[in-house]
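Trainee: I'd like to learn how to read a model like this one, feature by feature. Can we go through it together?
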Amino acid sequence: MTKYTFATHFIAAAILGSVSCIATANCTKPAEATAAELQGGYRDVSELSQAFIDISPERRDDGVNVGTLNTKIRKDMLVKLAKEIENNTHGHFDSLLIAHKGQLVFESYFSRGRINLPHYQASATKVYTGLALGRAIQLGYLSMADLDKPLVSFLKDLDHSKLTRGSDKITLNMALTMRSGIRLNDSQKEALEKISKQLKGQRHAQALLERSAPIGADSLTFKYQDDPMLVMHVIDAVVPGSAEAFIKKELLDKLDINAYHWQTADNGLPEAGWRVNMTSRDMVKWGTLAQNKGVWQGEQLIPKEYIARAVSPQLYTGDDDMFGGGKDVSKQGYGYYWWNAELKNGDRQFYSASAQGGGGQYIILIEELDLVVVVTASRRENSTLQLMAERVIPAFI
């Protein structure tokens, strides 16, 4: 599932700081990847010599609503943060975008970030898979009640007589929260890897559920693994046609996402947990869809109830291993592939839900302030959630 397009409309710009380009009515265009760079991908794009920072993003006919930071918003705080990011004060960022009240009001690119370049998503992909299941529910191919039914009941090609004991205890809800209970030892994983290209379609799910240790209460616990592929199997089984065609028609096309790269897994299905590339602006669309409780441009794409579950903590994972955390980030939880955390600023706590991907990819929702924040980066060590608490939230309160 691969598609690349790139815009020919350029944002104007011209006021240069000592290093950064801060866009105004007379500013030069932000860096765009060339056609050759788009074909090569993220790793083939050179580092920007200067950051591009725009406090009044321009409409690009890409489905993203744009606006300007109003006088109550501390734009100076956001520009200062962006300049610090340019100087690698906070790690290695490629982009920082902020949408407020449904409008993109701050847009900045650094390093290999480009306005038209799909950026690898890593595990942020899991959220897209979860939302695809929500779309199937909205269209009636599944129901909310089905989330509590055995996942294997939707996979009609399985030989249930060969499945490990307890396979019928895995519900869709459990797979959506990384609690499938599947446990494979290292040698089993290596053996499956060697024959992965032979395990097309539901043969892949059959192999996992045959080889897993018996599934019971002791294993039906949170474990960060490839449960999203089980969800993708269900999507492929219940929708008309293929999961790939369904996701393109019912989500990507609906969201006007044209510049993307979505790899196909060895089993023939779309990758479910990684290996997807999206532009930063398109990440804003996914975040806006969730922030708007499943509504996109007036159409209910995903049930409101499903979104509420997806972005709410279905379990708490603890604060010992907090990706992008810091002193003001706590109460880490997990929804339907969305991470949750409380962000503290002064004596106030702000609830956040975020898609997260290795290297530093984020789509962060802060509902109380009606914010969607997108970050792309290329290094695993980061303090992005702490920056939200300490530097972004204050600009909006």
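Mentor: Sure. Let's begin with L155, which sits in the loop between α3 (125-138) and α4. Keep in mind that this is a predicted model.

Trainee: Is L155 buried or exposed?

Mentor: The general idea is to look at relative accessible area, where under 20% counts as buried. L155 has a relative accessible area of 1%, so it is buried.

Trainee: And how far is the C-alpha of L155 from that of L230?

Mentor: Those two C-alpha atoms are separated by 9.8 Å, with their positions 75 residues apart along the chain. L230 is among the buried residues of α7.

Trainee: How many residues of α7 are buried, then?

Mentor: Ten of its twelve, so we can call the helix mostly covered. Besides L230, the buried set includes D227, P228, M229 and V238. For the length of a helix, you set the end-to-end reach against the expected one. α7 reaches 18 Å from its first C-alpha to its last, close to the 16 Å expected at 1.5 Å a residue.

Trainee: What about α11, how far does that one reach?

Mentor: Helix α11 covers residues 384-396, 13 in total, and spans 17 Å between its first and last C-alpha, close to the 18 Å expected. End-to-end reach is one thing to check, and the bend along the helix is another. In α11 there is a kink of about 30 degrees at E390, shortly before the proline P394.

Trainee: How many of the residues in α11 are buried?

Mentor: Twelve of the 13, so α11 is mostly covered too. P394 is on the buried list, along with R391, V392 and I393, to name some of them.

Trainee: Let's turn to pockets. What is the volume of the largest pocket?

Mentor: About 850 Å³. After the volume, ask who lines the pocket. There are 26 lining residues, and the closest to the centre are E193, H204, L208, D226 and W274. The elements that give two or more residues to the lining are α5 (186-194), α6 (202-211) and α7 (227-238), so the α7 we just discussed turns up again.

Trainee: How does that lining divide by class?

Mentor: It has ten nonpolar, seven polar and nine charged residues.

Trainee: And which residues are closest to the centre of the second largest pocket?

Mentor: They are Y224, D321, F323, W339 and R380, out of 14 that line the pocket. Its volume is about 340 Å³, and the lining splits into five nonpolar, seven polar and two charged residues.

Trainee: Some of those are aromatic. How many aromatic pairs are there in the whole structure?

Mentor: A search finds nine. To read a pair, take the distance between the ring centres and then the angle between the planes. For Y306 and Y336 the centres are 5.4 Å apart and the planes are at 50 degrees, so the pair is tilted. Y306 belongs to helix α10 (residues 304-310) and Y336 to the loop between β13 (329-334) and β14 (339-345), so this pair links parts of the chain that are 30 residues apart. Both Y306 and Y336 are buried.

Trainee: What about F323 and Y362, what kind of pair are they?

Mentor: Their planes are at 15 degrees and their ring centres 5.6 Å apart, so that pair is stacked. F323 lies in the loop between β12 (315-316) and β13, while Y362 lies in strand β16 (residues 361-366), 39 residues apart. F323 is buried at a relative accessible area of 18%, and Y362 is buried at 0%.

Trainee: Which residues form an aromatic cluster?

Mentor: F222, Y224, Y334 and W339 form one. Y224 and W339 also came up among the residues closest to the centre of the second largest pocket.

Trainee: One last topic: backbone angles. Where should I look for a positive phi at a residue that is not a glycine?

Mentor: Try D61, with a positive phi of about 55 degrees. D61 is in the loop between β4 (52-54) and α2 (75-86) and is exposed, with a relative accessible area of 70%. D256 also has a positive phi of about 55 degrees and is not a glycine. That residue is in the loop between α8 (243-252) and β8 (260-262), and at 29% relative accessibility D256 counts as partly exposed.

How values were computed. Residues numbered from 1 in each chain as written. Predicted model: local features only at pLDDT ≥ 70, side-chain atom pairs only at ≥ 80, totals over all residues. Heavy atoms only, no water. 1 Å grid on protein atoms, 1.4 Å probe; cavity = no way out; pocket = protein on both sides within 12 Å on 5 of 7 lines; lining within 4 Å. Points joined across faces, edges and corners; volume = space filled by probe spheres on them. Helix = DSSP H or I, 4+ residues; strand = E, 2+ residues; numbered from the N terminus. Nonpolar A, V, L, I, M, F, W, Y, C, P; charged D, E, K, R; others polar. Expected span 1.5 Å × (residues − 1). Bend = angle between axes of the 7 residues up to and from the residue. Buried < 20%, exposed > 50% of the residue type's maximum accessible area, 1.4 Å probe, protein only. Phe/Tyr/Trp six-rings, centres within 6.5 Å; stacked < 30°, edge-to-face > 60°.
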